[in-house]
Amino acid sequence: MAIQRSILRKAALVFGLLGITAASMFPVDSQALPLFARQTGQNCVACHAGGQFPELTPYGRSFKMTGYTIGDRVSVPLSVMGLATYTKVRDTSKSDNPAGDFSKNGTALASGGSLFLGGKITNNIGAFVQWTYDNFATGADGSYVGHASMDNVDIRYADRFVDANRDLIIGVSLNNNPSISDPWNTAAAWMQYVPVPSPTSSQFIDGAAPYPGFGSGGNLAGVSLYMYLNKLVYAELGTYQTGNGIFSPMSAGMANVDRTKLQGVNNPYWRLALTHEWGAHNIMVGTSGMVAHLYDDNTNTSDPNSVHRILNTGLDAQYQYILDPHTVTAQVAYMRQRTNYSANTVAANVGAGSPSGFFAADGSTLLADPNDSDTTNTFRGKLTYVYQAKYGGSLAYFNLTGTTNTALQTSGYDATSTIVVDPAVSRVNANLSGNPATRGLTYEAFWMPVQYARVGVQYTAYSKFNGATDNYDGLGRNASDNNSLFFYVWGAY
């Protein structure tokens with residue numbers, strides 16, 4: 001109880017100070033609007049469901065699909081976003097290095113922020129460009145250093161054709177993240193919404209838990225064509241390549257070793273959705289997918305035998321009810337990912353047994369060779385309610401399952417039948433089973449005192465982690481030990 005009271009006192013202090021700051025930074029005056037609101041002249045709830053950014057309403061999706069061009073071009077097309085956080089992991093005792101495994105645990109942080117540039121450029125061209133500063137990026141020596149880099153980029157040309165028989169939007173998007181162009185928040189790039197702080201204490205909060213996503217990652221360079229017909233059918237088709245050469249701004253600020261390297265330009269992405277609106281209701285059901293060819297080594301793209309292939313196929317659906325003072329959103333998303341490892345990786349693993357040299361429980365035999373391919377299945381479901389565009393809450397469920405692979409085992413038996421952990425991996429993240437299964441729930445409550453700020457609290461509870469409910473590392477750490485409390489103050493101007 002003493003620990004709980006201490007946490008609450010710290011949280012109250014943090015949010016008292018940040019609440020005062022937020023109130024002074026985000027006045028309700030109609031002139032103090034974020035970039036797109038200033039351009040359209042609309043209140044935030046016109047584009048964002050219940051005012052909760054970044055989730056879009058039908059009007060917000062139309063604004064995005066028409067290339068961010070609705071309204072009048074603003075003289076200073078800039079906005080800023082900031083995030084302050086506090087994280088507390090349930091149990092930090094079952095760790096060989098608590099200071100490293102749970103850095104900044106129980107500490108109020110100014111986590112970072114973003115600068116946004118965009119909006120209407122011409123009647124048919126618009127943009128959304130996000131440059132993000134991480135206050136806790138890790139330097140070469142392992143210490144925290146401030147670092148900024150390109151985040152999301154979506155530059156569009158779009159046009160709309162309306163007559164008695166049709167309502168057709170067509171467009172082309174130049175972007176750096178598969179599905180960042182998607183107008184629904186069940187898309188892989190958008191379902192995770194509150195930014196995740198970098199310190200390791202935040203590694204188990206909801207934003208860091210499993211989400212459906214594309215194995216290609218982001219900071220790429222892609223072009224996609226899309227169309228939306230009669231508010232019924234949405235279709236998009238594109239392809240991606242490495243963000244280098246003339247496309248290097250798509251990954252600006254990232255070191256070469258951190259950039260995803262794709263083979264060629266034949267890395268297709270697709271999206272198809274059916275939608276319907278009636279009264280205060282709207283619904284969407286859709287599918288998406290991508291094939292990506294990634295090099296094993298980001299610094300060496302000369303060997304064609306070092307390319308592995310990732311196939312993603314997903315299903316998603318969203319329902320919204322928006323009628324003041326109530327907003328209800330229900331979302332589900334599923335992604336299947338199959339990874340076929342490169343010829344070099346497969347050849348290196350033949351006869352090698354476990355990469356860490358682990359044995360069977362009796363210490364007599366090496367574990368089997370790693371798999372030539374793996375499959376994972378990720379499911380997310382979320383229900384959100386907002387009242388008067390001020391008070392809200394959500395309940396989210398996540399479930400990751402996948403094939404068992406000795407390559408995933410970072411904890412196991414040595415030749416003396418003693419459990420050991422791979423020195424390159426923290427015990428807190430160790431995996432004894434070789435299976436990635438992770439499951440849990442996130443409870444959230446939030447308050448929006450003004451249009452452009454949100455104060456929230458999340459509690460993420462794990463019932464499974466790294467393939468097990470109990471003793472997932474072989475040394476006594478349980479999934480529930482990773483349960484995490486997360487406070488945040490998130491604002492934009």
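What follows is a chat about a predicted model of a protein chain.

Me: Let's start simple. How many helices and strands does the protein chain have?
Reply: There are 6 helices and 18 strands. Keep in mind that we're looking at a predicted model.

Me: Is the chain compact or not, for its length?
Reply: The radius of gyration is 23 Å, close to the 23 Å that the globule rule gives for 493 residues, so the chain is as compact as a globular protein of that length.

Me: And what does the C-alpha trace span along its principal axes?
Reply: About 75 × 60 × 40 Å.

Me: OK, what percentage of the residues count as buried?
Reply: Of the 493 residues, 47% count as buried. As for the outside, the chain exposes about 21000 Å², and carbon and sulfur atoms supply 61% of that.

Me: What about contacts between residues that sit 24 or more positions apart?
Reply: If you take the contacts with a separation of 6 or more, residues 24 or more positions apart account for 68% of them.

Me: Switching to the inside. Which residues touch the most other members in the largest nonpolar core?
Reply: Val194, Tyr488 and Trp490 do, in a core of 20 residues. The elements that give two or more residues to this core are strand E1 (78-89), strand E16 (438-450) and strand E18 (484-492).

Me: Which element gives the largest share?
Reply: That's E18, with 4 residues. Apart from this core lies another one, of 11 residues, including Ala209, Phe398, Ala468 and Ala479.

Me: New topic: Gly50. Where is it in the chain?
Reply: Gly50 is in the loop between helix H3 (44-47) and H4.

Me: Why does Gly50 count as buried?
Reply: Because its relative accessible area is 6%, and buried means under 20%.

Me: What does Gly50 touch, leaving aside neighbours within four places in sequence?
Reply: Gly50 is in contact with Val45, Thr327, Val386, Ala389 and Met448. Take Val386: it is 336 residues from Gly50 in sequence, yet their C-alpha atoms are 5.7 Å apart in space.

Me: Thr327 is on that list too. Which strand does Thr327 lie in?
Reply: Thr327 lies in strand E11, which covers residues 326-340. With 6% relative accessibility, Thr327 counts as buried.

Me: And which residues is Thr327 in contact with, again skipping neighbours within four places?
Reply: Thr327 is in contact with Ala49, Gly50, Tyr321, Ile322, Thr384, Tyr385 and Val386. Val386 also turns up among the contacts of Gly50.

Me: Back to H4. How many of its residues are buried?
Reply: Helix H4 (residues 58-65) is mostly covered, with 6 of its 8 residues buried. The buried ones are Gly60, Arg61, Ser62, Phe63, Lys64 and Met65.

Me: What's with Gly67, just after H4?
Reply: Gly67 takes a positive phi of about 80° there.

Me: One more residue: where is Asn177 found?
Reply: Asn177 is in the loop between strand E5 (167-175) and strand E6 (220-229).

Me: Is Asn177 buried or exposed?
Reply: Asn177 counts as buried, at 17% relative accessibility. Not counting residues up to four places away in sequence, Asn177 touches Asn152, Ala189, Gly217, Gly218 and Tyr240.

Me: Last thing, the charges. How many positive and negative ones are there?
Reply: There are 30 positive and 33 negative charges, and their mean positions are 8 Å apart.

Conventions:
Residues numbered from 1 in each chain as written. Predicted model: local features only at pLDDT ≥ 70, side-chain atom pairs only at ≥ 80, totals over all residues. Heavy atoms only, no water. Rg over C-alpha atoms; globule rule 2.2 N^0.38 Å. Buried < 20%, exposed > 50% of the residue type's maximum accessible area, 1.4 Å probe, protein only. Contact = heavy atoms within 4.5 Å. Areas by Shrake-Rupley, 256 points an atom, 1.4 Å probe, with all protein chains shown as cover. Lys, Arg positive; Asp, Glu negative; His and termini not counted. Charge placed at Lys NZ, Arg CZ, Asp CG, Glu CD. Core = buried A, V, L, I, M, F, W, Y, C linked by side-chain atoms within 4.5 Å.
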